[in-house]
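Work through these exercises with the structure open beside you. Try each task before you read its solution.

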Amino acid sequence: MEKIGQDLAAMQRIPLAESHIAAIRSAGTEVLYPAGAVLVRPGDAAESFVFVEQGEIEVVNAFTGERLINATLGPTQFMGEISFLAGGNWSNTFRAVRDTSVIEVPRAAMLTLMAHVPEMSDIIITVLAARRRKQLESGLSSLVLIGEEADRGIRRIAEFATRNRIPYVTHPLGSAEARVVALSCSANPEQPAVIFGKDVVITDPTPEKIARLTGLNQDLVDDEEVDVLIVGGGPAGVAAGVYAGAEGLSALVVEDIAIGGQAGTSSKVENYMGFPTGISGADLVWRGQVQAMKFGTRFAMPLRVEALEKLEGGAFCATFHNGRRVRSRAVVIATGVQYRRLPIDRLAEFEGAGIYYAATENEARFCRNAEVIVIGGGNSAGQAAMYLSRVAARVRVLVRGSSLVDSMSSYLSTRLEADPAITIVYGAQAVAVHGKEKMEAVTIRRNGSEETVDTCAMFVMAGAVPNTGWLAGLVRLDDKGFVLTGSDVQAASPYAASCHGVFAVGDVRAGSSKRVAASVGEGSVVISGVWDHLNRPGAG
């Protein structure tokens, strides 16, 4: 299956050309670091591109002070993480092994240089993506979670980090590794904890705090102005971000959970053109995010829009959950849909402790050799069942209807029926959940009779509800809450909503095809309508 980047260990190194190095020298400043000097620490802003002229740089374990990986950076190589593109923060410590001379180029100047020299940009982005893949697969990070298996709050941080491609290390409570990390920063090794670098033990950890430390939140200036605000970071929103940036628009994509949206919870997408061996939804959208960042589009999360109003003159003001505001000349709504919460007592009590709305590696770890339940008859449910069948002893798929013909792709339903670890139960629904601190059993009703089965996890992937409550009457919605566009509101663009300057794409748009490829197409095409709106007389 395709990954987010190449295998760093196996990829052929393509050095920067002499002309590239000359351009870097002209745009940057030479800086000398003596042996043992620390160039950056976890949490430092990734403000510069660092090209090594002479000397040697190593990645350091923030907790022990020892070298983290065997490889070092030498002349003609460069320091950098993928967060550099977005203006995020460093995740590791870099230290000079011996006296080292580097060229430091300010981020803005380097991004401009990369935009003007695409061959150089391709080399740098390929390396940065491969490094992030290496970090994720090897746990090369200074973000450490202790007690994920015992604490729901720590699992919430793990989910946020996983879905946003933030590398982290996880250690069980009481393990030797947990003790080393905890004692290095004077934390209690017997208590769940989130630690970032040696000096930061995060009290009451939340996704917002993690985003602030890693630079994902972008620290927006109040009443900052952009050309287009894209609300939602799923396939449609990210595609809009790519094309907006490519057209030279100042674009901001905001997402309240993680870039990828509902598609980001899909373990494998096999019917997206160009990926014959499949790709996870999260990796597909992450590639688009990197592409958009290359063009200058910014992403900020977790950031939820609570109100959107139209100002005099035609511009818009979005107010976020933290009270901050952003002004924009146009708005693209790409908030997608979310799975409906089932009307079952104690459901909320077990969310994150047996009840899940995504089936990724993060959740699958808790299902090894156990029986699990998947609720839903669509492609997302089918992909989840196939993925979970690799680790679970048995997967029951509960479908309320009598067939999958109208709701699931044929290739997927055929695989479910052929997999001996998967049982499809038609005409069935979950009616009760049981357990103490975590879910331990589910009651299933079928044909008037009920059966209670022991299970550690139930994955809810049924009932799509549009995320449009925050629009508060600004645009017209259909009776199910989807945004009406095009001919339904007498608009010229098929993606224009009833309020001039507001557009809707992807699953949130009434009448759209609820498929990843369709969402990407709509997000790509909508920018032409945004461009026309921004360039008409009197716009925003």
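**Exercise 1.** Find the handedness of the β-α-β unit made by E6, helix H5 and E7.

*Solution.* This is a predicted model. Start at strand E6, residues 143–146. Go on to helix H5, residues 152–163. End at strand E7, residues 169–171. The β-α-β unit is right-handed.

**Exercise 2.** In which sense does E6 pair with E7, and over how many bridges? Then do the same for E6 and E8.

*Solution.* Take E7 first. E6 and E7 pair in the parallel sense, over three bridges. Isoleucine 146 has histidine 171 in E7 as its bridge partner. Now turn to E8, residues 193–196. E6 and E8 run antiparallel and are joined by four bridges. Here leucine 143 has phenylalanine 196 as its bridge partner.

**Exercise 3.** Sort the residues of E6 by the way they point, and decide whether they are buried or exposed.

*Solution.* Leu143 and Leu145 point one way. Val144 and Ile146 point the other way. Buried means under 20% relative accessible area. All four of these residues, Leu143, Val144, Leu145 and Ile146, are buried.

**Exercise 4.** Which strands stand at the edges of the open sheet formed by E21, E22 and E23, and why is one side of each left without a neighbour?

*Solution.* Write down the order: E21-E22-E23, with antiparallel pairing. E21 (428–435) and E23 (449–454) stand at the edges. Each has a single partner strand, so one side of each lacks a neighbour in the sheet. Neighbouring strands here are turned by 25° against each other on average, direction ignored.

Now check one pair. E22, residues 439–446, pairs with E23 over six bridges. Among the partners, valine 442 is matched with valine 453 in E23.

Notes: Residues are numbered from 1 along each chain as its sequence is written. This is a predicted model: local features need pLDDT of at least 70, side-chain atom pairs count only at pLDDT 80 or more; totals for chains, interfaces and linings use all residues. Side-chain values use heavy atoms; hydrogens and water are left out. Two strands pair if DSSP finds at least two bridges between them. Helices (H or I, at least four residues) and strands (E, at least two) are DSSP runs, numbered from the N terminus. Axes are lines fitted to C-alpha atoms, for helices over the stretch in contact, and angles run from 0 to 180 degrees between N-to-C directions. Buried means under 20% relative accessible area, exposed over 50%, partly exposed in between (1.4 Å probe, protein chains only). A crossover is right-handed if, with the strands pointing away from the viewer, the path from the first strand over the helix to the second runs clockwise.
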